[in-house]
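Q: I would like a close look at one part of the structure below, set in the context of the rest. Please take the time to connect the details.

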Amino acid sequence: MKIQLPENIKDITLAQYQRFEKLNEQLNEEELSIRDYNKRKIDLFTGIPYHKVDNVSEKDLKEVMAQIDTALEQDVEFKSVFTHNGKEFGMIPNLDEITAGEYFDLDKYGVDVETLHNLMAILFRPVTRSDGFGNYEIEPYVGTGKYADEMKNISMDYVSGVLVFFCHLSNELERSIQKSTVEAQAKDNKRQTILRNGNGTAQSMPLQKETF
């Protein structure tokens with residue numbers, strides 16, 4: 001029997017990883033036995049049909065499972081540009097200029113495994129122009145519908161690198177929002193104080209009696 005083992009995380013797609021996480025949920029909720037879980041896991045990552053896994057020797061099964069786990073746990077580096085099916089995708093070049101639509105959807109989807117394809121479709125879009133210095137432009141954001149399904153087929157090494165990056169990005173965005181909120185609240189408090197005091201400190205000073 002020929003099998004195709006994932007040699008590393010590059011051989012695993014986002015869609016496979018999402019289905020794998022569903023298996024983990026079923027196992028944790030005791031909807032699957034360990035044996036059934038392992039058979040489905042092997043079916044998912046090697047292409048060996050579920051009903052034929054029992055024909056594989058126990059020794060070979062253990063080696064296959066170990067190789068799958070090795071591939072899943074591989075560390076990767078973040079890449080701001082990658083190529084999929086001959087198409088170059090680039091991450092939002094300047095996060096300081098992120099649009100309201102992009103920010104809203106990033107906050108909406110977060111890093112939920114079930115919607116990682118949406119997250120990737122927000123952060124990455126086809127490169128429309130680039131130069132020899134690493135600068136590039138990407139397509140304008142029009143929602144996740146255009147590329148979300150395509151992102152399901154990208155390699156997990158791209159996604160894993162983004163997840164680490166996105167955690168740092170989320171913290172930065174949260175700090176930025178908190179700072180903006182505090183500054184806005186301070187300005188509003190100052191405005192309310194001025195209004196209560198009669199629009200200026202001169203009105204709050206005691207009147208001086210005029211002497212003749």
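Between which two strands is the loop in which Asn85 lies?

A: Asn85 lies in the loop between β1 and β2. Before looking closer, note that this is a predicted model, in which local features need a pLDDT of at least 70 and side-chain atom pairs count only at pLDDT 80 or more, while totals for chains, interfaces and linings use all residues. Residues are numbered from 1 along each chain as its sequence is written, and side-chain values use heavy atoms, with hydrogens and water left out.

The strands β1 and β2 form a hairpin with 2 residues between them, and Asn85 belongs to the turn. Phi of Asn85 is near 55 degrees, a positive value in a residue other than glycine. In general, most residues other than glycine have a negative phi. As for its surroundings, Asn85 counts as exposed at 68% relative accessibility, where exposed means over 50% relative accessible area, buried means under 20%, and partly exposed lies in between, computed with a 1.4 Å probe on protein chains only.

The two strands of this hairpin run antiparallel and are joined by 4 bridges; strands count as paired if DSSP finds at least two bridges between them. Strands (E, at least two residues) and helices (H or I, at least four) are DSSP runs, numbered from the N terminus. Among the bridge partners, His84 is matched with Lys87 in β2, and Thr83 stands opposite Glu88 in β2.

From here the pairing continues across an open sheet of 4 strands, in the order β1-β2-β3-β4 and with antiparallel pairing. Its edge strands are β1 (81–84) and β4, each of which pairs on one side only. Neighbouring strands of this sheet are turned by 50 degrees against each other on average, direction ignored; the axes behind such angles are lines fitted to C-alpha atoms, for helices over the stretch in contact, and angles run from 0 to 180 degrees between N-to-C directions. As a general point, strands of a sheet pair through backbone hydrogen bonds.

On the other side of β2 (residues 87–91) is β3 (residues 124–130), paired with β2 in the antiparallel sense over 3 bridges. In this pair, Met91 has Phe124 as its bridge partner, and Gly90 has Arg125. A further 3 bridges join β3 to β4 (residues 136–138), again antiparallel, with Arg129 standing opposite Glu137 in β4. These two strands also form a hairpin, with 5 residues between them, and in its turn Gly134 has a positive phi of about 85 degrees.

Helix α5 (residues 116–123) lies across β1, β2 and β3, running at about 20 degrees to β3. Met120, Leu123 and Phe124 are among the residues with the most contacts inside the largest nonpolar core, which has 47 residues, and Phe82, Met151 and Ile154 are listed with them. Such a core is a set of buried Ala, Val, Leu, Ile, Met, Phe, Trp, Tyr and Cys residues joined through side-chain atoms within 4.5 Å. Leaving aside neighbours within four places in sequence, Met120 is in contact, meaning heavy atoms within 4.5 Å, with Phe82, Met151, Ile154, Tyr158, Val159 and Val162.

Thr115 lies in the loop between α4 (100–109) and α5. It is buried, with a relative accessible area of 17%, and beyond its neighbours within four places in sequence it is in contact with Gln18 and Tyr109.

Another positive phi is found at Glu30, about 60 degrees although it is not a glycine. Glu30 lies in the loop between α1 (14–28) and α2 (34–46), and it is exposed, with a relative accessible area of 71%.

For the chain as a whole, there are 7 helices and 4 strands, and 35% of the 212 residues count as buried. The average pLDDT, the predictor's confidence in each residue from 0 to 100, is 83, and 77% of the residues score at least 70. Among the elements, helix α6 (residues 148–151) has the highest mean pLDDT (96), and helix α7 (residues 156–196) the lowest (65). Over residues 200–212 pLDDT stays under 50, and there the model has 3 contacts beyond four places in sequence. Where pLDDT is low, the predicted coordinates should not be read in detail.
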